[in-house]
Amino acid sequence: MYCTGVQYNTGMGNCRIGCLYVPDLPLQALLRAEPELSGAPVAVTESEGPRAVVLACSALAHRAGVGVGMTAAQARSLLAGLVVRALSAPQVRSAQAALLDAARSFSPRVALEPAGEVCLVLTGATNRDPAAFEDPDSLDLSVKRAPHLSFGLANNICLGAQLARAELRIAVGSIVSRFPTLRLEEVGQPAFRDSLFLRGLRHLHVAW
Ligand code: HEM
């Protein structure tokens, strides 16, 4: 499985899209269903029969000259022990569902593309995109920055955004006025949550 990242412009800023890509999805779906075939010379064809066209093949079969587009009969003539299986739609659907599950553990916004690709919005990366924000890793409250995407966008905007802003204003304002000498306590590097969707500190040590 490959993982790549691309950017697209939302009109309000750049949004990082991650792609999980499984090359040769028909073959990987078969190997997932029949793991005992891993390491064997395998070819997946579009249908049953000697004239069915090869859609994908394993590295071992490829090394023997088997290739996408040839018929099952041609492939077998090149490699006697070749295991040939017809494409199984349920196996492919099941592999795609597993890929979607993996993507959803990173982001609630995922889209399944044909040919074994899943695209996901990496919200945790959008507000630190060096292409959209100057010095994205620094926090300078005196600088007006480009619009952020912390509350989503367009049809997927957060319904509680105004409440969350009010809560933050009240909570941060109350803490600062209640503890005017509040300062960060230096206890090593702060620990962040392991999330690509929403970034945040696990804890922050302060003193007053
Ligand atoms: C700092 C606090 C918050 C942040 C960063 C935040 C962030 C977000 C984001 C990014 C989305 C869009 C997710 C997507 O792509 O589907 C969302 C959706 C939503 N949020 Fe928030 N949220 C916050 C607080 C709240 C609060 C306080 C409420 C309600 C009291 C709320 C209610 C909702 C609801 C109902 C949706 C779904 C909207 C829809 O799909 O139409 N959020 N939020």
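With 19 C-beta neighbours inside 10 Å, D24 counts as partly exposed; a residue needs 20 or more to be called buried. This is a predicted model, and D24 is a handy place to start walking through it. D24 sits in the loop between strand 2 (14–21) and helix 1. Its backbone has a twist worth noting: phi is positive, about 55 degrees, although D24 is not a glycine. D135 tells a similar backbone story, with a positive phi near 50 degrees in a residue other than glycine. D135 belongs to the loop between helix 5 (123–126) and helix 6 (161–178), and it counts as exposed because just 10 other C-beta atoms lie within 10 Å.

Zooming out, the protein chain folds into six helices and nine strands. Buried residues account for 20% of its 208 residues. As for how the chain meets itself, take the contacts between residues at least 6 apart in sequence: 43% of them join residues at least 24 apart.

Helix 1 comes right after the loop that holds D24, and it is mostly covered, with seven of its nine residues buried. Those seven are L25, P26, L27, Q28, A29, L30 and L31. What do they pack against? The partners are strand 3 (42–45), strand 4 (54–57), strand 5 (83–86) and helix 4.

The pairing with helix 4 can be described in some detail. Helix 1 (residues 25–33) and helix 4 (residues 89–104) pack at an angle of about 90 degrees, and their axes are 9 Å apart. That angle makes the two helices roughly perpendicular. On the helix 1 side, the contact involves L25, P26, Q28, A29, L30, R32 and A33, which meet Q91, V92, S94 and A95 of helix 4. Sorted by type, the residues of this contact come to seven nonpolar, three polar and one charged. S94, in helix 4, is a good one to look up in the structure. Its C-alpha atom is separated by 7.6 Å from that of A29, even though the two residues are 65 apart along the chain. S94 is partly exposed, since it has 14 other C-beta atoms within 10 Å.

Next comes the inside of the protein. The largest nonpolar core has 26 residues, and those with the most contacts inside it are L27, A43, C57, V66 and A75. Helix 1, strand 3, strand 4, helix 3 (72–78), helix 4 and strand 7 (117–121) each give two or more residues to this core. Helix 1 gives the most, with five residues. A75 shows what such a spot looks like up close: leaving out residues up to four places away in sequence, it touches A43, V54, V66, M70, L82 and V84.

E185 offers a contrasting picture. It lies in the loop between strand 8 (183–184) and strand 9 (206–207), and it counts as exposed because it has 9 C-beta neighbours inside 10 Å. Even so, E185 has some company: not counting residues up to four places away in sequence, it touches H205, V206 and A207. E185 and L204, 19 residues apart in sequence, are 8.3 Å apart in space, C-alpha to C-alpha.

Finally, there is the ligand. The residues around it are P108, R109, T123, S150, F151, G152, N156, C158, L159, G160, L163 and A164. By type, this shell divides into six nonpolar, five polar and one charged.

Terms used:
Residues are numbered from 1 along each chain as its sequence is written. This is a predicted model: local features need pLDDT of at least 70, side-chain atom pairs count only at pLDDT 80 or more; totals for chains, interfaces and linings use all residues. A residue is near a molecule or strand if its C-beta atom, placed from the backbone, lies within 6 Å of it. Ala, Val, Leu, Ile, Met, Phe, Trp, Tyr, Cys and Pro count as nonpolar, Asp, Glu, Lys and Arg as charged, and the others, Gly among them, as polar. Axes are lines fitted to C-alpha atoms, for helices over the stretch in contact, and angles run from 0 to 180 degrees between N-to-C directions. Helices (H or I, at least four residues) and strands (E, at least two) are DSSP runs, numbered from the N terminus. Angles under 35 degrees count as roughly parallel, over 145 as roughly antiparallel, 65 to 115 as roughly perpendicular and the rest as oblique. Two residues are in contact if their C-beta atoms, placed from the backbone, lie within 7 Å. A residue is buried if 20 or more other C-beta atoms lie within 10 Å of its own, exposed if 12 or fewer, and partly exposed in between; C-beta atoms are placed from the backbone. A nonpolar core is a set of buried Ala, Val, Leu, Ile, Met, Phe, Trp, Tyr and Cys residues joined through C-beta atoms within 7 Å.
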